[in-house]
Amino acid sequence: MADTLEFNEIYQEVKGSMNDGRLRLSRQGVIFKNSKTGKVDNIQASELAEGVWRRVALGHGLKLLTKNGHVYKYDGFRESEFDKLSDFFKVHYRLELAEKDLCVKGWNWGTVRFGGQLLSFDIGEQPVFEIPLSNVSQCTTGKNEVTLEFHQNDDAEVSLMEVRFYVPPTQEDGVDPVEAFAQNVLSKADVIQATGDAICIFRELQCLTPRGRYDIRIYPTFLHLHGKTFDYKIPYTTVLRLFLLPHKDQRQMFFVISLDPPIKQGQTRYHFLILLFSKDEDISLTLNMSEEEVEKRFEGRLTKNMSGSLYEMVSRVMKALVNRKITVPGNFQGHSGAQCITCSYKASSGLLYPLERGFIYVHKPPVHIRFDEISFVNFARGTTTTRSFDFEIETKQGTQYTFSSIEREEYGKLFDFVNAKKLNIKNRGLKEGMKQSYDEYADSDEDQHDAYLERMKEEGKIREENANDSSDGSGEETDESFNPGEEDDDVAEEFDSNASASSSSGDGDSDRDEKKPAKKAKLVKDRKPRKKQPESKKGKDPNAPKRPMSAYMLWLNASRERIKSDHPGISITDLSKKAGELWKAMSKEKKEEWDRKAEDARRDYEKAMKEYSTGSRAESSRERLKKKKKKQEKQPKGKAERKGAAKSSSSSKSPAKSTNESFKSKEFVSSDESSSAESKKEDSEEEGAASAPPSSEDSASGSD
């Protein structure tokens, strides 16, 4: 048998990626040379502990386990090469090359076995998958759950980031299976280990993101967050920026740590670590280092013994260890004097801080936007109320952030800040207009505004009821649609019909009837705007009783002169504001007196409205009778004679009826088909009477 075996185009699996190269087996051991990098892996024959032959995605593979726990995997073999490799292992390495097939049942319930640097998930005696523990970067535990996170491989197009294992509870006392699982992983994993003592520890700090209370242990190279549920180890190399932001209430402070890559918990990624401190909380801190070590390492930035506010100590220690500047708000000052603006982002309310080089929003979700990545900003009116506005930011990548429900008083300060930073404002020039509209309401009192709003609503209801009453008979006209393309054609046809109607006025009834539809369409359209005007004025009858005033308005009218005399030269807006303050401060007993006056005024109004509505109905009935008489008088002569003849024939059996009611008889209504339409629209009937006089035949028949 040959002393060496060589295989070309063999792939070595390293951290999830496949590196092609050449594999050589000799008496001394196994050598693999990477074709891309030229790196050589050498495994001594004396270190080999086990060899496994199995079927893999790229044909067949060889897995070698060493006595110190390392695992080496090589894929790309042909099935026919098994016998040659098996004999070589028996002769030179004195090992049996075992055949083990992977389980392909697809089950997700099995047994985890730890062997050296390998975690194997088995179903029965067959392995499903294996995880080299050296690839594990983080191991966290939950209730009956263990999560493994892996190092990112920049060479691989797709990397496995996380695997979760459910560990069922057991009946063994004193042994937590979840902790035992995690300890087996951590003992072999490439995890940041908290070796040695921490430089200092901050106990029970309130953390907003991720939410909870955590102990923060400061180590030389990383930050350890230890909570009741989760643990996070954050290397200082992942810290991008530090922010120290005062809360709007001036009693608390935010300390924000920006991270890249973020810390992970399941599918959630935390790009910001946000701590909340009270300004009144003090601490005395002693570093777990000698004074010489502190001086040598931090060069005067820290001392062994320090005392002061808790937020100052945390920020000072973090600044020294991370070696980054702490960003604080600049010279921006809002309407209330705070260095931030209260607003809402998505569904949560928070604080927006304009910084010297960007904006940061805390806290849910935290957002940091640098000025150099902003395309433009936009000031938009609030969608629900005029008492607030929205501030929109769009980045150069097209991402849009909308901060809503900002108080209108903040508009001027924010606009000036954005303008001073030379950011592109999309709706530049609206500042003056918005400020004027805001100043219009700036001194309005909340109670006054609500009372005025209720009064306007009541007046609107009355106007709406009057409009509904007045539009009962014109429903067909108001539902007419507007068709621009058809309107010109209709007008042209109407003018043509007018010309033909005037020229053929002496023709028979049949010709006149043919012209009527076009004539009526024209009259409806022409008369429509004139009919709407009196309808819209029905709700503004000067004889109608005036609405009663509220208790506040009665008091204001009685007290206006007194307020003016107490405050000479006061403006109208200031007077309204002062009156609102006086009304608020008034005792309940005095307000009840004005409430009684308002109630009396309301009862008088209701009584007057009843009398007014009764009188208006009687007047309207008299007007209708007058209109009917006018219609009878204006009818054409021929038609009137025919109607009279029809009436005389029908009234021979009932001579008691008077002649002035002849237009109401059934025979008259049925004698002429168009008379019913003419009685509904008096204007169209009048126009028809003027443009189509009776023919000679009709007059002759009438005289007969």
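**Exercise 1.** Describe the salt bridge between Glu130 and Lys63 and state which parts of the chain the pair ties together.

*Solution.* Step 1: the side chains of Lys63 and Glu130 form a salt bridge at 2.6 Å, N to O; the term requires a side-chain nitrogen of Lys or Arg within 4 Å of a carboxyl oxygen of Asp or Glu. The model is a predicted one, in which local features need pLDDT of at least 70, side-chain atom pairs count only at pLDDT 80 or more, and totals for chains, interfaces and linings use all residues. Residues are numbered from 1 along each chain as its sequence is written, and side-chain values use heavy atoms, with hydrogens and water left out.

Step 2: Lys63 belongs to strand β6 (residues 59–66) and Glu130 to strand β11 (residues 126–132), so the bridge ties together parts 67 residues apart in sequence. Helices (H or I, at least four residues) and strands (E, at least two) are DSSP runs, numbered from the N terminus.

Step 3: both Glu130 and Lys63 are buried. Buried means under 20% relative accessible area, exposed over 50%, and partly exposed in between (1.4 Å probe, protein chains only).

Step 4: in total, the structure holds 17 salt bridges.

**Exercise 2.** Place the pair Glu599 and Arg603 in its helix and find the network that it belongs to.

*Solution.* Step 1: the closest N and O atoms of the salt bridge between Glu599 and Arg603 are 3.6 Å apart. Step 2: the two residues are four apart in helix α13 (residues 588–633), which means a separation of about one helical turn. Step 3: Glu599 has a relative accessible area of 30% and is partly exposed; Arg603, at 43%, is partly exposed. Step 4: a network of salt bridges links Glu599, Asp600, Arg602, Arg603 and Glu606.

**Exercise 3.** Give the salt-bridge distance for Glu162 and Arg164 and the accessibility of Arg164.

*Solution.* Step 1: the closest N and O atoms of Glu162 and Arg164 lie 3.3 Å apart, in a salt bridge. Step 2: Arg164 has 41% relative accessibility, so this residue counts as partly exposed.

**Exercise 4.** Is Ser258 buried or exposed, and which residues does Ser258 contact, leaving aside its neighbours within four places in sequence?

*Solution.* Step 1: Ser258 sits in strand β20 (residues 252–265). Step 2: its relative accessibility is 6%, so Ser258 counts as buried. Step 3: beyond its neighbours within four places in sequence, Ser258 is in contact with Thr238, Val239, Leu240, Arg241, Phe243, His271 and Phe272; contact means heavy atoms within 4.5 Å.
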